[in-house]
Amino acid sequence: MILNLSKIHIFSWFWAILSVQLLFACSHVASSPPAAKISGESKDEIVLAFLWEDFDDKGFDPTMGWNYYGPPLFQSTLLRRNENLELVNDLAQNYTISSDRKIWTFKIREDVRFSDGQPLTAEDVAYTFNQTKESGGLLDLSVLDKAVVKGNYEVELHLKRPQITFINQIASLGIVPKHAHNKNYFRNPIGSGPYRLVQWNPGEQIIAEANPYYYGTPANIKRLVILLTLEDATFAAAKAGRVDVARIPPSLAIQQIPGMNLYAHRSDGHAGLMLPYIPNTGKKTSQGYPIGNDVTADPAIRQAVNYAINRQVLVDAILEGYGSPAYTPVSGMPWEEAKAKIQDADANKAKQILAAAGWEDKNGDGILEKQGLKAEFSILYPAKDSVRQGLALAVAQMLKPIGIQVNAEGRSWKEIERRLHSDVVLYVLGTYDQLILYNLYHSSVAQGNWQNPGYYANSVVDQNLDRGMTAASETEARLFWQKIQWDGQTGITTKGDAASTWLVSPDQTYFVNGCLDLGKQKQVTHNYTGSILANVTSWKWNCD
């Protein structure tokens, strides 16, 4: 998962991402008796209803960003993540990293062909990375200096500086054929993935068939029909028996559809409040937008907010129980620091923190004051988003009893961008890339855009982020990702600087035909473990 917050409108695509990142981890399963398959006419076909609106007009070119949040489906990658989020070879046979960690050398399989029958070589790999770097698309390859062909089946990726998170780009970028990549590629993608696109009706449907040249496990399901429907239409289609896998919002997950099972999968998505970290001193961004907030700049306010909120109530009331409390932007990930968790819904502790810091209600209006400053701030969210509205309003109600006045404001994206650095904003993200920690909390990226909007700065956190980025391996880096959350002395979470207030990690909810076996989907786990489409080739029908 690659994320450049400066390129991606993080708010607009998050819930869309949740709709397409079908996940392995099954935290809730409600079963109904299997029924005969009714959606498709053949056992070689399944019908899925996703909200792939992000690419409804952009098409399927990986060099421009398709499919940065999951398996590229039509293309394949050098490496990929398995159901345990472990890295495994895909096109790569093996790889090495130079001692200065700036040159990644890959030897690739010699038996791979694109769906047009042409062989895939190192030329295609180098072309894909260099083209993506220059494309200006969603994928951030700014750390890449160049990709160099070293042989028919060997390629080097030269980085400008060591960056272990680059491995996530490698595991996400689908390789395109140099001989067939042109301005129309996004409409007619040719790749080496398990499926090939055979029909695309923008706004209506995508039809894919098994790639006869695919080098991996042949797909049991030979034909995928993906309907590009919105939530209500998706639910209606599922009730009518016209789809086999239907992504539906949590609010509809409490209903039942005969012949379909409900699957709720742990996601890599998180919703939380980004709090301005520094006071308002009149400083402005290069665009002239104000920076800083005198109320949230007080660490007592930030800590009290984190302790007072009842996250489980947010899960139950806003997500209908389909989600989990979040305490960091990486809750549920293998690199989450468990010691950073707190006991929330503790209004008394929140009041004690505020009182110790000098906040008191002098005029009896229920709102605390300190040196003439009222404990009051706004939470901004996009006006058309009902889920984020619900979260903002619920937070406001939870903070009122401890004397903090919150104004939940639904606003346009344009206004939110102007007030991003001086007001609290409801951030929502969906990524397993550890780069997100760097982009949200490293002091160097606070430059007036969507990255580190609160201008958070902690030299110890910066050092740990830098050490994580330059680590020799993901295992070594994990220690530093955990330290930036809480190292026993400081960190971004509540026990430390309380730089933000993460609220919930929404599950993804689906109705799935009772006759469709999704393989490992029924394995129960409390951690995010990847995309359901990663094992789409093993899906099969289990009814006559």
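The questions and answers below go through the sheet, salt bridges, nonpolar cores and aromatic pairs of a predicted model.

Me: In what order do the 6 strands of the open sheet lie?
Reply: The pairing in this open sheet is mixed. Its edge strands, β15 (323-325) and β19 (405-411), each pair on one side only. From one strand to the next the twist averages 25°. The order is β15-β21-β14-β20-β18-β19.

Me: How many bridges join strand β14 to strand β21, and do they run parallel or antiparallel?
Reply: Strand β14 covers residues 269-274 and strand β21 covers residues 500-506. One position along them is L273, which stands opposite T501 in β21. The two strands are joined by 4 bridges, and their direction is antiparallel.

Me: What angle does the direction of helix α9 make with that of β18?
Reply: Helix α7 (residues 311-318) packs on the sheet, touching β15 and β21, and its direction makes about 40° with that of β21. Helix α9 (residues 386-399) also packs on the sheet, where it touches β14, β18 (376-382), β19, β20 (424-430) and β21. For α9 and β18 the angle is about 165°.

Me: Is L273 buried or exposed?
Reply: L273 is found in strand β14. Its contacts, not counting residues up to four places away in sequence, include I379, V395, V424 and L503. The relative accessibility of L273 is 1%, and buried means under 20%, so L273 counts as buried.

Me: What distance separates the C-alpha atoms of L273 and V425?
Reply: V425 is among the residues that L273 touches. The two lie 152 residues apart along the chain. Their C-alpha atoms are separated by 5.6 Å.

Me: Which residue meets K370 in a salt bridge?
Reply: K370 is in strand β16 (residues 369-370), and its partner is in the loop between β14 and α6 (299-308), 72 residues apart, so the pair links distant parts of the chain. K370 counts as partly exposed at 22% relative accessibility, whereas the partner is buried with a relative accessible area of 12%. The N to O distance is 2.8 Å, and the partner is D298.

Me: How far apart are the closest N and O atoms of E369 and K374?
Reply: E369 is buried, with a relative accessible area of 15%. K374 is partly exposed, with a relative accessible area of 30%. The two form a salt bridge, and the closest N and O atoms are apart by 3.3 Å.

Me: Which residues are linked with E409 in a network of salt bridges?
Reply: The side chains of R411 and E409 meet in a salt bridge at 3.2 Å, N to O. Here R411 is partly exposed, with a relative accessible area of 30%, and E409 is buried at 14%. The residues linked with E409 in the network are R411, E415, R419 and D423.

Me: Which residues touch the most other members of the largest nonpolar core?
Reply: This core has 68 residues, and its largest share, 6 residues, comes from helix α11 (residues 435-441). A second, separate core of 40 residues includes L319, Y327, I342 and W359. In the largest core, the residues that touch the most other members are F129 and F166.

Me: Why do Y95 and W104 count as a stacked pair?
Reply: Y95 counts as partly exposed at 29% relative accessibility, and W104 is buried at 2%. The ring centres are 6.3 Å apart, and the planes lie at 10°. Planes under 30 degrees apart count as stacked, so the pair is stacked on account of its angle of 10°.

Me: What is the angle between the planes of W66 and F74?
Reply: W66 counts as buried at 1% relative accessibility. F74 is buried too, with a relative accessible area of 1%. Their rings form a stacked aromatic pair, 5.9 Å centre to centre, and the angle between the planes is 20°.

Me: Which residues do ring pairs link into a cluster?
Reply: The structure holds 12 aromatic pairs. F166 touches W104 and F129, among others. The cluster linked by ring pairs consists of Y95, W104, F106, F129 and F166.

Key
Residues numbered from 1 in each chain as written. Predicted model: local features only at pLDDT ≥ 70, side-chain atom pairs only at ≥ 80, totals over all residues. Heavy atoms only, no water. Pairing = 2+ DSSP bridges. Axes fitted to C-alpha atoms, helices over the stretch in contact; angles between N-to-C directions. Contact = heavy atoms within 4.5 Å. Buried < 20%, exposed > 50% of the residue type's maximum accessible area, 1.4 Å probe, protein only. Salt bridge = Lys/Arg side-chain N within 4 Å of Asp/Glu carboxyl O. Core = buried A, V, L, I, M, F, W, Y, C linked by side-chain atoms within 4.5 Å. Phe/Tyr/Trp six-rings, centres within 6.5 Å; stacked < 30°, edge-to-face > 60°.
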